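Colleague: I have a few questions about how the chains are arranged. Please give the reasoning with each answer.

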2 protein chains.
Amino acid sequence: MSSCHVAFIPFGIHVSCARGSLLHEAARDAGIALVSVCGGMGRCGKCSVIIEQGIVPPPTPLERQKLSEKEIASGHRLACQTRVQDNLKVYLPPASILTGWQFDLVCAEPGAAVDPAVQDIVVSLHAPGFYNPPSCREQLAAAIKNACGVSVDRADEAVLRDLPALLSESSGCVRASIRDGEIISVRPSGQGPLGAAVDLGTTRIALYLIDMLTGMPCAIDGIINPQITFGEDVMSRISFAMQHGAAELSKAVIEGLNQLIRRMCPAPHRIVEMVIAGNTAMHHLMLDLPVKQLGIAPYVPALCAPLDVKARDLGFDTAPGAYVHLVPNVAGFIGGDHVAMILATGIHKTSRTVLGIDIGTNTEIVLGHAGKLFSTSCASGPAFEGGHISCGMQAAAGAIEKVTIRDEVAAFETIGGMPPIGLCGSGILDAIAELFRCGIITKQGRMLDAPGMRALGNKKEFVLVPLEKSGAGKDITITQQDIHEVQLAKAAIRTGIEALIAEAAISIDDVKEIILTGEFGARINPASGIALGMFPPFQLDTFRHVGNAAGLGAMRILISKFHRALAAETAQRIQYLELMTCPGFHKIFANALYIPAKDSKRG
Amino acid sequence: MSSCHVAFIPFGIHVSCARGSLLHEAARDAGIALVSVCGGMGRCGKCSVIIEQGIVPPPTPLERQKLSEKEIASGHRLACQTRVQDNLKVYLPPASILTGWQFDLVCAEPGAAVDPAVQDIVVSLHAPGFYNPPSCREQLAAAIKNACGVSVDRADEAVLRDLPALLSESSGCVRASIRDGEIISVRPSGQGPLGAAVDLGTTRIALYLIDMLTGMPCAIDGIINPQITFGEDVMSRISFAMQHGAAELSKAVIEGLNQLIRRMCPAPHRIVEMVIAGNTAMHHLMLDLPVKQLGIAPYVPALCAPLDVKARDLGFDTAPGAYVHLVPNVAGFIGGDHVAMILATGIHKTSRTVLGIDIGTNTEIVLGHAGKLFSTSCASGPAFEGGHISCGMQAAAGAIEKVTIRDEVAAFETIGGMPPIGLCGSGILDAIAELFRCGIITKQGRMLDAPGMRALGNKKEFVLVPLEKSGAGKDITITQQDIHEVQLAKAAIRTGIEALIAEAAISIDDVKEIILTGEFGARINPASGIALGMFPPFQLDTFRHVGNAAGLGAMRILISKFHRALAAETAQRIQYLELMTCPGFHKIFANALYIPAKDSKRG
């Protein structure tokens with residue numbers, strides 16, 4: 001038997017795979033993304049699955065480390081460690097699957113100026129005579145000049161390929177899209193222009209399909225970044241690309257976007273412009289640019305400047321002559337998504353002193369003060385996305401997102417009101433803040449004995465949800481290790497905030513507004529953040545949430561040349577601060593590990 | 001047996017092919033180009049081969065028309081009609097093969113100004129520090145600006161892909177090629193820039209490999225246009241493209257050029273710019289542009305303007321960021337090769353009244369007079385390239401290129417001094433002019449009875465070379481039909497010349513110089529041309545030959561921005577005359593059919 005058959009439940013998806021291939025590869029082939037923080041190295045233990053039928057090889061030493069005896073006995077295995085050698089029926093627990101998330105997508109304000117880089121016009125051409133007949137391209141250029149005064153000096157080859165037949169089929173009445181003196185698309189006159197604005201995140205990708213005549217969205221949708229099967233965080237993917245090249249990662253994200261486009265838009269050839277805003281690593285990986293130098297100090301990007309590239313050169317299914325505009329990067333860990341976020345929140349133009357914080361595995365922070373923009377990036381790790389947390393999960397249905405502890409009993413809310421299966425970032429933050437408030441953990445983060453606490457050997461844990469109330473088939477707990485992970489994460493963020501405030505030579509009281517963006521930022525309870533010292537003691541009413549600011553910014557850059565120029569200018573203006581080079585970095589970080597924090601400067 | 005084995009002699013090339021495939025396909029697979037005027041339709045009879053071993057199906061009706069009983073009995077077949085159903089040994093007669101031609105390639109004058117569109121510079125970069133480290137692209141742009149004051153605002157993606165590793169391997173010392181504000185190539189500093197100028201002919205392709213620093217050729221070579229296996233003339237290829245699409249034709253010519261480049265240049269990635277000059281159909285077919293509208297009046301090109309396109313988009317093996325510049329076309333049958341020819345001969349700037357004539361299947365003619373340029377194209381047919389002539393062949397070794405008849409005996413010279421196997425264009429022209437001078441044919445072109453004449457049924461022919469002196473295995477003859485073909489061809493050319501002279505409102509005495517270009521132009525005896533009336537009775541000393549003028553012009557356009565702009569301006573300046581719309585066209589043509597011609601206007 002050289003190939004085996006694997007059935008994945010609850011999906012009911014069946015695949016054939018080569019005997020000896022890894023189970024997470026079989027899942028990937030089946031189109032199922034499994035959680036993988038470590039990039040399939042067997043270190044995170046997140047891709048746990050249950051073998052329901054069929055024989056698998058004995059557990060590897062890594063599996064024995066990550067799974068309990070009982071779990072192994074009941075069929076649990078790590079998909080990244082298990083080789084397929086038999087026909088299998090495999091159950092995928094919800095916490096191991098990376099699909100079916102909620103998207104928090106905000107629309108553009110109506111009334112925003114529509115002045116896109118691509119101009120669209122319907123023209124009528126007359127059949128040429130015999131005397132010096134102009135070429136099809138010249139006829140069209142003359143008609144455009146005549147109709148709207150715009151001079152074109154180039155036409156995309158795809159336009160030239162379509163034009164003769166289109167002119168003859170349409171009796172000379174055609175629609176043309178013009179960009180910077182180039183005719184990039186010709187279509188029947190009824191096919192108006194569309195655009196696509198993309199927020200290319202490490203974890204999720206959101207696409208706004210825009211009517212380019214009105215600037216309003218026709219459709220908004222998203223997918224999990226298909227690169228996630230090669231590693232969940234930026235560093236895992238850089239590491240994968242250094243070993244295997246970036247081509248596979250580039251292909252995965254572009255194919256994923258093409259599928260999303262086809263799902264959202266029955267006529268992708270009407271898409272005449274795309275704008276993509278992503279962090280620098282996502283930008284480089286999509287373009288198949290080298291990332292090795294992004295993985296080592298001083299983290300030099302291959303490219304920061306805005307880039308316009310033919311969509312077909314990247315493999316996108318759009319109008320064949322369309323361009324993709326990539327929003328400029330600032331530094332190795334400050335990308336175009338940060339620039340787009342600044343534009344969407346207005347931080348670039350406000351006269352107030354404002355902090356913008358996008359919390360993720362890397363947390364990017366901008367401080368706007370006195371006409372200057374200071375930005376930094378801190379390696380906050382995956383804790384607030386559920387990674388490296390024993391019962392952590394991403395913000396999917398069934399994730400505990402709010403926690404209060406009263407009389408030693410935890411009350412919680414889950415996403416979608418489903419039975420709890422794990423904790424997402426805001427739930428973890430709340431839970432630890434509550435444990436601290438109740439005196440169950442110390443300023444150093446050490447767990448004390450208390451009701452609800454239990455010890456397995458020398459490992460302590462607090463039972464947040466006992467088995468009988470859990471949808472996960474086990475207790476949902478907070479461990480001592482979880483608290484350390486959160487301390488590291490919040491200390492990194494706090495250090496970034498402190499460093500920017502010091503760089504601008506202001507005090508925390510000068511900060512009049514704190515804008516939290518992104519998915520975790522939307523769910524977070526600022527009071528818990530302050531209680532743990534992730535944030536300095538800002539006034540609670542200075543916090544504001546702007547949902548999916550990067551996507552909103554990408555949309556503006558799509559529909560407005562003014563905003564496109566502004567993005568380039570803003571990327572240049574930002575002063576990037578490398579935390580490692582900040583004076584006293586190690587001391588600030590060490591103090592920030594305390595709960596809430598030691599030596600917070602005031603005034 | 002589902003595949004058969006075919007051995008081609010004299011090449012000694014063996015191929016396997018599917019049972020049932022055509023013999024000319026098997027030859028194509030073997031890399032052997034057979035003559036094919038009709039595009040494999042069985043109508044021209046030029047792809048005659050001899051089956052030496054193995055069984056072939058009975059001759060088709062078309063083969064019975066084109067081959068004599070005796071030929072069929074001795075194993076002659078048409079390669080385009082014969083299906084392979086057995087292992088075969090096939091002899092390819094020289095006249096059926098399209099390889100091994102002489103190339104007549106002329107060098108550029110030394111001292112021509114070198115001012116190419118691509119600028120090359122060696123720069124040294126310093127390793128960036130931690131504070132706001134610029135991207136690799138920004139570092140390179142700054143070093144270029146610093147070294148030569150040139151501002152770049154873009155870099156090709158391929159450059160961005162190579163740059164980080166190149167900077168680290170070369171300690172920051174790299175060579176960059178810059179074109180119009182874009183960095184198109186980075187290379188180790190020792191790898192100087194090369195360019196390629198291509199004369200893309202219907203039949204042959206010449207490539208000049210140029211050192212872009214000195215503007216001088218490093219190598220000159222050529223190939224038969226591989227599209228020739230899809231049809232020998234422009235119309236056959238347009239017809240093939242209309243039935244099967246142009247993609248295969250495009251691929252054939254680009255792959256042929258890639259092979260030529262690899263043969264000529266061990267480091268094709270050093271080629272930073274290409275210039276291609278071809279007729280409008282070759283231009284369109286290479287770009288895979290539609291050609292249907294080129295086949296019907298008013299013969300509208302999809303594109304006339306100059307086009308710059310990334311070499312990799314066309315599939316060329318050059319520097320990955322290099323561009324191909326396509327010399328602009330003028331009309332459906334006046335292409336960039338005509339523009340390049342005008343530049344190379346100086347017709348665009350002379351104050352004299354000059355005719356430039358490039359004779360081929362289509363003959364393009366330009367008249368420069370009083371600062372104006374008038375051009376036309378005439379469908380002269382393939383007679384002067386040996387097509388549609390019973391013993392015709394192209395100008396290869398063994399072709400009779402000069403004929404004199406004295407005392408009813410023909411004396412001749414062959415190319416390469418080989419035994420005669422057929423007649424190339426200049427030989428045909430000489431032979432018919434001599435037959436007319438000797439009174440053996442009338443003004444109407446009718447053959448009279450005379451020594452050396454013989455009749456097969458009602459078909460007359462003149463035996464130029466009897467079997468015993470022939471290398472073709474048969475008599476080399478001139479038939480009545482051959483004379484008609486030449487009359488049609490020379491009448492077309494004469495009509496074009498007359499029409500241009502009429503358009504410019506001058507007389508033939510005003511023409512001070514006649515420049516003949518191209519391969520046939522190099523061999524032709526102008527006196528024979530005048531004797532037959534192909535040319536008006538110009539003074540013989542006004543004729544001049546400029547070899548491969550189109551290639552020379554392409555080379556100038558490669559190494560000089562001035563000449564590139566001049567080509568665009570010249571293409572615009574040319575007034576195209578469509579012969580069909582000229583007053584009295586049919587009468588002029590009918591008169592021109594006479595030998596030498598009736599009613600030639602003088603003064």
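Colleague: Which residue of chain A comes closest to the rotation axis?

Modeller: Asp313(A). Its C-alpha lies 4.1 Å from the axis. Bear in mind that this is a predicted model.

Colleague: What makes this axis a two-fold?

Modeller: A turn of 180° lays chain A on chain B, with an RMSD of 0.1 Å. The shift along the axis is 0.0 Å. That is the relation of a two-fold axis.

Colleague: How do you know that the same surface serves both copies?

Modeller: From the contact residues. Of those in chain A, 100% recur in chain B.

Colleague: What makes two residues count as a contact, and how many residues of chain A are in contact with chain B?

Modeller: Their C-beta atoms, placed from the backbone, must lie within 7 Å. By that cut-off, 35 residues of chain A are in contact with 35 residues of chain B.

Colleague: Which elements of chain A give two or more residues to that side?

Modeller: α4 (136-148), α5 (157-169) and β27 (575-577) of chain A. The most comes from α5(A), with six residues.

Colleague: How do the residues on that side of chain A divide into nonpolar, polar and charged?

Modeller: The side of chain A that touches chain B has 22 nonpolar residues, six polar and seven charged.

Colleague: What are the domains of chain A?

Modeller: The assignment gives domain 1 (3-96), domain 2 (118-188) and domain 3 (383-486). The C-alpha centres of domain 1 and domain 2 of chain A lie 56 Å apart.

Technical notes
Residues are numbered from 1 along each chain as its sequence is written. Chains are lettered from A and ligands numbered from 1 in the order in which they are written. This is a predicted model: local features need pLDDT of at least 70, side-chain atom pairs count only at pLDDT 80 or more; totals for chains, interfaces and linings use all residues. Copies are superposed by least squares on the C-alpha atoms of residues with pLDDT of at least 70 in both. Helices (H or I, at least four residues) and strands (E, at least two) are DSSP runs, numbered from the N terminus. Ala, Val, Leu, Ile, Met, Phe, Trp, Tyr, Cys and Pro count as nonpolar, Asp, Glu, Lys and Arg as charged, and the others, Gly among them, as polar. Domain bounds come from an automatic or database domain assignment.
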